[in-house]
Each structure stands twice: as C-alpha cells, then as structure tokens.
Amino acid sequence: RCSRTILPTVKAIRRFTVRTVLPDALAPLGELALNLRWCWDTATQQLFTGLDPVLWDEVGGDPVQLLGALGPDRLQALAADPEVVRRVRVAADDLQAYLEGDHWYQRLAASATGEDDAVPSAIAYFSPEYGITAALPQYSGGLGILAGDHLKAASDLGVPVVAVGLLYRSGYFAQSLSREGWQQERYPVLDPNGLPISLLRETDGGPLKVQVGLPGGRRLVAQVWKVQVGRVPLLLLDSDVEDNELTERDVTDRLYGGGSEHRLLQEMLLGIGGVRALRAYSRLTGAPAPDVFHTNEGHAGFLGVERIRELTEDHELSFDEAVEAARSATLFTTHTPVPAGIDRFAKDLVAQHFGGDNACPGVPVDRVLALGAEDYEGGDPSVFNMAVMGFRLAQRANGVSELHGHVAREMFARLWPGFDEPEVPIGYITNGVHAPTWVAQEVIDLAAPEIVASPTEAAAWDDVQRVPAAEIWSVRGLLRARLVADARQRVRTSWVQRGASEAELGWVDSVLDPEVLTIGFARRVPSYKRLTLMMRDPERLTALLTDPERPIQIVIAGKAHPADDGGKKLIQELVRFADGAGVRHRIVFLPNYDIAMAQTLYPGCDVWLNNPLRPLEACGTSGMKAALNGCLNLSVLDGWWDEWYDGHNGWAIPTADGVTDPDHRDDLEAGALYELLEKTVAPLFYDRDADGLPARWIEMVRHTLQTLGPKVLATRMVRDYVLALYAPAYRSARALDGGFVGARELAAWKGRVRAAWSSVRVDHVEASGIADAPEVGSTLEVRAFVSLGQLSPEDVEVQVVHGRVDEHDQIAGSSTVSMNHEEAYEGGRHRYVGTVALDRPGPFGYTARVVPHHRLVATPAELGLATLPPESSGMDAGILR
C-alpha cells in the first residue's frame, strides 16, 4: 500500500486572527507591541528578539505575530523568568517616559510669550499612505515612507500631530517575477486583528464609525482603527463593514487601485470621513481639536470642503467666510513634479457626488466645482483638479526640495497671473528621513549615537571625524557582507518562485562579493526614473561588472504600478540582462522592495545611484537614507541632491538638459555615468594605502556623514514645518477667529476687491534722480499715477518692480519696493512715489504694479490679481520675466 497526503479542499468563508492573552507579569508587552515605537527603538526590538530569536526572524520582526506564535506554555515560562520580567518592566518604563516627557516642542511652547510666537495644540496630518514598518504594509513608495518618517520625527520631537489615513485590506501588492522576468502582483488579504493596530470604540463598546453621504441616498460607512506611532495617533478608516453594500465595502480594498469613481470615493472618505473621525476621536478621548490641517499631496483635499461645511452649519458662516476661516489654518504639500501625478476627475462625476440629494445647503455644488476648476489659460474645463483645489484651500503651500519648489511654481503659476515665478506663493521644505529607522545600528554606534537621544543636535555628527579610518572601513565591510547574504537568500527565493529547482541554483551561493564595490538602485519604476539607463550600452556595462581588477556589482529593486506595462517592460529588460550567466554574479534584481529590504540595502551599498530625468525628481529620499549610512551618492543633480551636493560628498552625473531627442539624451547621460564609474568611482574605491584602506574614499564617507547628516534628518524637516508653516498657520487662524470677525472681514474685502479690480489701472509711470549714464550708488525715484476706481489706497499696495533685463526688456529675477501714497485726485486717481537704489551694474529695468493689500492675507499674490501699466501688459500675459 502507498500513503499520500490529502490536500484540503474546503476554503474558509472568513479569516481572522485570535490575539494572545498575556500573563500578568508580561502584560506590558501588549502595549509595547501596539506602540510602533518598537520599529525604531533598538532596546525594545532587542527585548522582543530575546523572547525567541528564531521565531522573531520567522515572523519578520513583528511583535504582534511573535506574541501570538509563542503559545501559552512558552509565555508562562517567560513570565516565570525574573530577568525577562525585569527587562519587560524596564522597556515599559522607558516607553512611558518617552510618551510623557517634555521634548523639543514642549520647550518651544513653554517659551512662547504671546500671540506672536504661540504654537498649535494639535496638528492634523492627512496622507493616503503611511510607510512606518513592514509589519503594517500601507504604503507604495516615497510618499508613504515620507509620511511615516514625518510621524516618527514628530513623535521624537513631541510635536502634537494626529494623523489620518485609510486602512487598505490588501495594502499595496506583493511583487514576484515570472520565469520570463515579468512583474506579477499578488494582494495578500490583511486581517486587522493580526496587525499592530486597535479598533476605536464608542463609550458603549461598539466600534467608532463615521459616514459620508453618497448620491442616491446611499452612505459610505467606515470604522476607525488607531495606530500608535510613538506619541502620535494615526487614525485609519476602514470601509469593510457590514453597514455598507459590496461596492462601498470595497472602497478601502487596496492602495491606488480601481477606476476613477473608486479613487474619488477613497478620497472623499479620506478627506471628509477623516475630518469626522478626528472630531469623534477628540470627543471620545478629550484630545484637543486640531488647530492646523496639513494635506500631504492632493488626495485628501476634500478635508477642506468638509471643514467649510462644518463652519457654514455650526457657525452660520457664508461659503466665502468659511473658505477664509478654513484655508487660514491649512497647508498643502505638493510632491509631484509632473502633471501626470495629479489626480483629476471628470467634473460631472464630482458634481454627481456633491450635488443632487447629497448636496449640503451651505456648500453649493457649483462652488465646490469652482475650487478644482482649471479655469485658466490652457486648463481643461471638463476636469476637477485635486491639486488646484489643494492650493485654493490652503493659505500656505510648499514643494519638497528647493528645486522642486521652482518646478511647482512653474507648474502652477497660472493660478497666480501677474506674478513672476519667484513670487508664486509656493515655498519649499526639503524632505528628510528618520535616522533611527534607516541607519544601521553599527553606524549609529560608530559615528553619532546622539542622533537618537538628541535628534535636534546637528553637532552630534562631528564625532565622525574622530573615528579611526580602519573602524569606518570595518563597519562598511560588515554592512556590505550583510547585504550580500540577504541578497543571495532573496535571489534564491525569487528563482524558486519563478519555477527553478534547487538543483539549478548552485550558482546563487556566489552571487555578489562582499569585497566588491556595491552600487544600489531602488525606487518605483515610472519611466522618468530611468531604471534601465545603466543598460544603454550592455557591453560597456558588462565590462564594468566583470572588470578583473576593479569590478562593480549592482543591487536593484523596485515596483512598477500594476497598470503600467511600460514600467513592467523596463523591469523585464533589466531582469533578462541580470539573468545572463556571464553577469548574474554581479547584478541582481530583488523582487518585492519594501521597508525590510531597504533597511539592509541602504547600509550595505557603497554607492547609491539615482538617474531620473532632471528636474522630474521632487526630492528622492532614498539617497538621503543611503548617505546617513556612509554610502556615497552618484546622482543626477535633481531633487535634494541638486541642493546639497558640494563636490566632495559624492558625484554628480552630467545632464544633457538642452537635448530634445530623448534617446540621444539617454545615450549622453548613460555615457557620462559609465565614464564616472570607470574613471573616478571605481579607481577611488580600489586605491588602497599601506594599511590596505581606501583613504580618500573614507574621507568622502566622513565628509558625507558630517555635512549631510544634520541636513537630511526628518527632525530637521519637521522643525522646519513647525516654525515656517504650522505656527504661522495657527497664528493666521487665530487672527480670523474670535467669533470669526476676521473671516467675515476678509471674505467681504476679497469680494469687494475682486468686483472692483477691473477698474484698477496704472495710468502713467515716470522716473527721475539719475543721470544720463547711471552709476552704482545712484537712487532712482519712481512716480506712478494709478486709478483705483471704487477701491481706496488702504486696499492696495503699489510697487516698483525692478531688476536685470534681458535683450527683450523682460525683467528677470525681479525685486519689489513698496511705494508711498503721496496725493489723491478726483475720480479715484492717486500718485505714489518710491525709490530704488541701483546697487548692481548691468542692464536694468523697472515698472510699476498694483496688487491687493490686507493685513490678513499671507502674500500679495494670494488673490492672483495684479495690474501693470499698458506698456508692460504684453509681457507674457502680465508675468514679468
């Protein structure tokens, strides 16, 4: 007789996770597991690892899964171990001290002396995705990782952020490869009870739920889960509840999935439902209501519409008054440098969801549609633009690097006609990364242990100059060897998934070499990031990989969007090259790029490669994470690298910006990349001194850590947000509050100015005070005669706009000087006088301009209104160059 295994044929109709019950002595482990501080706190990780090191690895470093897998007998044995109980108590006490102690923000708030330096008591942060830990797969790429680092840094600094997002039952997709190297997607279903999150409940014990109205009398209901990220609560809305019909239950099925209406419902739930979840959270917990609202990209833009509804219904403001009250406390961060990255919905679809029987009396559908209307030259009148709404409902806006700030101002300049690009009210705060999450412990111990204990102290990085070169090189070798071991395991797993047998995979044991110069490249795979630029000349790349004296090796990872066949084709091209028997020991593609992979990849690389089409990389924080680990960047001057490359902290790949043929441009820039690798990077790495050390390379590592370390920290980024945006937004909102007198005043003033602006003219401009041949040091006196119609001098500011001029008399890099009101005439005419110091030689030009002025507006460009004299009106539709 023969025996055989009988495979199960019955499929469960429902899957859920049963959470463990901890012995009393180990009860604090529950809170430690549910507070995600463990994912960046080394001591807490060591505590969980010590409970069962083998099991910890098997569950992927997830404390909730670990506690569930230990079993009652093992837990009882651990509870009987005094040393284990002691370590648990120490960790719990440390967490409590972290949660209750005063941090940077508490000291900042305590130092405030009045309204001028007051700071908000709570800040709401909205994002469609959060990359906090691999144990909570609710992210797809850089936007989510940035959001996760923002929350962690806010927690470390004590900034009172409360975050809002969606709970996706399948998260983003798990990536694998077919035998032919084609990307395959799998969406594992997540059970919330098996995740490090908890369900918020009403006082009667029932789940906390919010709802959003839909057309046809339907409603979208969501329950609210809480993720505790250190001191920061993150509220995740989940539509998979029995209150909903099937279509509505699937709204939070997966990240960035479904068609246009599906995405619209997700964004309505995030924005409208998110505000309602915040209100319920404050009601249940007594937490202060947010003073400031931060929209991380346009996906959550409908939060502004919901706040307008609240103000019209609860405080009887008009729509325009509510807009002013809401936008004063709102800031909008744009992350995209390309129009394709912006969510745009059919206007009729938005009208269907905000009009009809779902309309709110105080929020007319036509006013909602106007918020996202592309009602400017070149706009599409049939679409609703979420980024446009984001800018219109936020008094403050920013890009995510200095260069991206320029790009964003150019992209959206048509919202502010009459203003030069530097005057467009979009600033920038360069992104940062959370060092305790991304820096290998060996690097922290070696270079700057204070960055964890004192995350605001830039001087901590100076210690790296005192570390012996041999120790730096030893750590670099250790991290490289760790990456090689991890990559070999991942390559083996991938090939088994592709259908290979173990007998075919003996070569995997020689994949990569711990002594070879290692280059990393990992990111999403849209076309502009140019995954395959390194393969423009396969023969030259092969020669670099297999050089007998100075070889390089490349570790690559990244996901293409499931609907992006072009991106999948790029992955397949690279995988097929890497599969070649002659190079597969030197170049690998690792599927399923995620946080867990990144935490080994960044520290283990010697060089981080980034070669997007300039200037299409908004920031590019992967290179920051690599730099914090002593990895040198080799990158196109784009995003953050354009801002902080100094010639000694890595290398800049020359770009062919003026070349219009994309293939030729790629050939030129690939050639420049090969040249740098062959003639500069590899020789520097392999050039050893008498002690066998690459002395010049190590000095570049020192310089990178010392100079970039303080700049690329997420704590620096969050401090910048607090001081430059959160606190000013709070003060603006306070100025409009107090019975909303300021909001009513500002709305009435804007309405009056817009109605009367067509009568505003600059009739004549004249100047005096300079000789026929002006010299540096001269003073130019400018007189402008303007007609204000029904407006008064208090409603406007008249400016001299001046600067260098080009051959077409266009003013480039303009500056402004406010002019003084000197005299009023009949018929609403006025004379203004201003002076300009001529402090630079060269061609110079000037004109006059009238802009609206009010004490409660943030910038002169806020209304997008400016009037120039007739002789200036032909300058690029009124924009001075």
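Two strands count as paired here if DSSP finds at least two bridges between them. The model on screen is predicted.

**Stop 1: the open sheet**

Select S16 (552-557) and S17 (587-590). These two strands pair in the parallel sense over four bridges, and Ala557 stands opposite Leu590 in S17. H21 packs on the sheet here, touching S16 and S17, and its direction makes about 115° with that of S16. H22 also lies across S16 and S17, running at about 135° to S17.

Now widen the selection to the whole sheet. Six strands form an open sheet with parallel pairing, in the order S17-S16-S15-S18-S19-S20. At the edges are S17 and S20 (650-653), each with a single partner strand, so one side of each lacks a neighbour in the sheet. Direction ignored, neighbouring strands of this sheet are turned by 20° against each other on average.

**Stop 2: helix H21**

Select residues 538-545, which make up H21, and show the side chains of Leu541, Leu544 and Leu545; these three are buried. Why do they lie on the same side of H21? They cover an arc of only 100° around the axis, which puts them there. An α-helix has 3.6 residues a turn, so residues three or four places apart point the same way.

Next, add the partners of these buried residues: strands S16 and S17, together with helices H22 (565-578) and H26 (662-686), are what they pack against.

**Stop 3: strand S8**

Go to residues 232-238, strand S8. Is S8 largely enclosed or open? Seven of its seven residues are buried, so S8 is largely enclosed by the rest of the structure. On one side, Val232, Leu234, Leu236 and Asp238 are buried, and on the other Pro233, Leu235 and Leu237 are buried too. In a regular strand the side chains alternate between the two faces of the sheet.

Add S2 (residues 161-166), which runs parallel to S8 and is joined to S8 by four bridges. Val164 stands opposite Leu235 in S8. Then add S7 (residues 219-229), which is antiparallel to S8 and joined to S8 by seven bridges. In this pairing Val224 stands opposite Leu237. The hairpin of S7 and S8 has two residues between the strands, and Gly230 there takes a positive phi near 65°.

**Stop 4: helix H20**

Finish with residues 469-497, helix H20. At 1.5 Å a residue, its 29 residues should span 42 Å, and the end C-alpha atoms are 42 Å apart, which agrees. After H20 comes Gly499, whose phi is positive, near 105°.

How values were computed
Residues numbered from 1 in each chain as written. Predicted model: local features only at pLDDT ≥ 70, side-chain atom pairs only at ≥ 80, totals over all residues. Heavy atoms only, no water. Expected span 1.5 Å × (residues − 1). Buried < 20%, exposed > 50% of the residue type's maximum accessible area, 1.4 Å probe, protein only. Arc of directions from axis to C-beta. Contact = heavy atoms within 4.5 Å. Axes fitted to C-alpha atoms, helices over the stretch in contact; angles between N-to-C directions.
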